[in-house]
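Here is a short walk through the fold, written for someone with the structure open on the other screen. Take a look first, then read on.

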Amino acid sequence: MQVWVHNKRLVHLTVVGLLLIGVVMAALPSAPTVAQTTNLALNKTATASSSQSGREPRYGNDGNTSTRWCAVNGNTGQWWKVDLGQNYSVSGAEVMWEFSGRLYKYRIEVSTDNTNWTTVVDMTNNTSNTAQTQSHSFSARTARYVRITVTGLPTRTWASFWEFRVFGSGGTSPTATPTSPTATPTRTPTPGSSCTPSSLAWRGADVSSLQRALDLGQKYYYANGTEGHPLDILKSVGVNAIRLRVWVNPASGYNNKDKVVAFAQQVKSRGLRLMIDFHYSDTWADPGTQTKPAAWSSYNISQLETAVYNYTLDVCNALKNVGATPDMIQVGNEITNGMLWPEGRITNNNFTNLARLLKAGYNAVKACSSSIQVVIHIDKGGDNATSRWFFDGIRAQGVQWDVTGLSYYCYWHGSTSAMQSNVADLRSRYGKPVHIVETAYPWTTQNFDNCANVISSSTPCSGYSASLTGQASNFNAVKTAALNGGAAGVWYWEPTWVATPGNGWDPYNIGTSGSGWENQAVFDNTFKLNPNICW
Ligand SMILES: [Ca+2]
């Protein structure tokens with residue numbers, strides 16, 4: 001046994017890069033076992049010169065050969081680009097075009113800074129290769145960004161592929177690193193947990209309170225007790241997207257622009273997608289409260305319109321400038337009754353002022369980056385009549401949006417079957433992807449700090465006890481109903497918000513207000529992951 005361990009150590013020292021890749025691959029349920037076939041592009045952040053609805057850039061590297069990226073027209077010069085999240089030694093690329101038997105002409109380039117590009121594959125004079133899948137090897141290049149530009153297309157064929165893959169080695173493991181010198185490639189990266197993630201394209205987690213927890217020294221553990229970074233632990237059970245709320249000037253000094261920009265970089269460096277949730281307040285905004293930021297308190301509707309535009313653009317640009325451009329932005333949080341009250345409140349079915357604010361937010365997001373999807377979010381996950389009333393109301397005012405977002409907590413918003421039919425109806429009615437952008441369920445009735453928990457019943461929803469298995473079962477039921485309704489994503493709200501002293505819910509008293517949510521985190525009171533939870 002000692003010899004075996006010793007040999008493993010030698011292997012580790014001599015091919016450390018391959019070992020790291022092995023660990024990364026072991027983190028993926030269906031990952032290949034040969035290092036050379038590690039697809040570095042898989043599920044990393046992708047952007048493109050243009051894309052059709054439902055054929056967004058992310059579908060070009062989601063590992064699914066039945067979903068594809070497609071440009072909006074047949075023009076040449078369309079490009080698709082992937083950010084690998086960090087530098088790798090890149091030595092190969094492969095594209096699986098939409099069609100076989102057609103002559104695509106293209107160029108593949110790499111870059112370390114997203115500005116200066118080096119051509120590594122030149123097929124711009126292609127006259128013979130009409131294979132559907134075209135693989136290329138080239139001299140290894142250090143690269144973080146890989147871009148393919150389509151320079152020639154057959155008639156009536158648009159730039160479109162099922163999958164783009166990048167091969168290479170090196171980099172720091174974005175998923176898990178060995179925690180001891182004896183760690184081996186066969187170590188399970190999801191200790192104590194077996195999870196095959198759902199087929200949802202967006203498997204999200206809102207971890208807005210996490211940054212302060214980590215600053216306070218909070219530790220998190222895999223289900224078997226191995227310590228890990230909570231983002232890595234969440235990734236190991238299927239999370240591929242992170243949502244962060246932003247407040248304008250919270251007294252706590254957390255969840256503001258600077259803090260969000262800093263944490264967003266950690267998110268992006270792990271290859272996770274990013275959603276920013278604008279509350280347009282200094283504190284919580286929800287259907288019962290939409291308080292203007294103090295700095296905007298005297299503004300009239302025209303001034304608020306300008307403020308929403310400028311503030312949204314400012315935060316978005318700050319993220320873009322550090323390489324953490326969001327994939328999605330929520331303009332307003334649970335705005336079922338409007339936002340920025342009283343000016344932006346919906347009264348007597350009058351959506352006029354709210355529409356002005358939403359259009360300002362939409363325009364700011366698109367001015368920041370046209371590839372960012374704008375989410376409009378209400379609660380009412382299981383209430384189709386109110387959902388229709390709201391989205392019909394803003395649509396009648398000419399408001400544009402890209403993703404319809406709903407909160408769905410079973411103890412507040414009706415049955416999962418009501419949610420499923422609502423998702424299906426909204427999807428077909430407005431022709432846009434639908435996401436459940438918030439859901440959660442308790443794993444215990446216990447309280448671990450001085451703040452009473454928001455939900456304390458032993459059976460908050462019929463059929464699901466407040467237990468580790470009940471939490472996982474309820475989450476599975478929500479995901480299944482959402483999928484059956486045609487949803488593109490489900491996001492768990494605050495799965496890392498354990499009872500860390502000093503990380504309270506109230507931004508005016510973050511030090512001692514406590515958490516009302518620790519029994520709905522997916523980590524228990526010893527900060528171990530629920531072994532049953534899976535995205
Ligand atoms: Ca509590």
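## A helix among its neighbours

In helix α7 the buried residues are Asn353, Leu354, Ala355, Leu357, Leu358, Lys359, Ala360, Gly361, Tyr362, Ala364, Val365 and Cys368. Keep in mind that this is a predicted model. That list makes 12 buried residues out of the 17 in α7, so the helix is largely enclosed by the rest of the structure. What covers the buried residues of α7? The cover includes α6, β11, β12 and α8.

Does the length of α7 fit or clash with what you'd expect of a helix? α7 covers residues 352-368, and at 1.5 Å a residue its 17 residues should span 24 Å; the end C-alpha atoms sit 25 Å apart, so the two figures agree.

Now for the barrel. Eight strands close up in the order β8-β9-β10-β11-β12-β13-β14-β15, and the pairing is parallel. Going from one strand to the next, the twist averages 25°. For a close-up, take β12 and β13 (residues 403-407): they run parallel and are joined by four bridges. Valine 375 is placed opposite valine 403 of β13. On the sheet packs helix α11 (residues 468-484), which touches β14 and β15, and its direction makes about 155° with that of β15.

What about the nonpolar interior? The model has a largest core and, apart from it, another one. Here they are side by side:

| Core | Residues in core | Named residues |
|---|---|---|
| Largest nonpolar core | 106 residues | Ile329, Leu358 and Ile436, with the most contacts inside it |
| Another core, apart from it | 35 residues | Ala93, Tyr106, Val110 and Leu153 among them |

Which element gives the most to the largest core? That's α7, with nine residues. Leu358 ties the two stories together: it is buried in α7, and it is one of the residues with the most contacts inside the largest core. As for isoleucine 436, its contacts beyond four places in sequence are Gly381, Leu406, Tyr408, Val478, Ala482, Ala487, Val490 and Trp491.

Finally, a word on confidence. The protein has a mean pLDDT of 88, with 89% of its residues at 70 or more. Residues 1-36 stay under 50, and the model gives them 43 contacts beyond four places in sequence. Residues 172-189 also have pLDDT below 50, with 39 contacts in the model beyond near neighbours in sequence.

Conventions. Residues are numbered from 1 along each chain as its sequence is written. This is a predicted model: local features need pLDDT of at least 70, side-chain atom pairs count only at pLDDT 80 or more; totals for chains, interfaces and linings use all residues. The expected span of a helix is 1.5 Å times one less than its number of residues. A residue is buried if 20 or more other C-beta atoms lie within 10 Å of its own, exposed if 12 or fewer, and partly exposed in between; C-beta atoms are placed from the backbone. Two residues are in contact if their C-beta atoms, placed from the backbone, lie within 7 Å. pLDDT is the predictor's confidence in each residue, from 0 to 100. Two strands pair if DSSP finds at least two bridges between them. Axes are lines fitted to C-alpha atoms, for helices over the stretch in contact, and angles run from 0 to 180 degrees between N-to-C directions. A nonpolar core is a set of buried Ala, Val, Leu, Ile, Met, Phe, Trp, Tyr and Cys residues joined through C-beta atoms within 7 Å.
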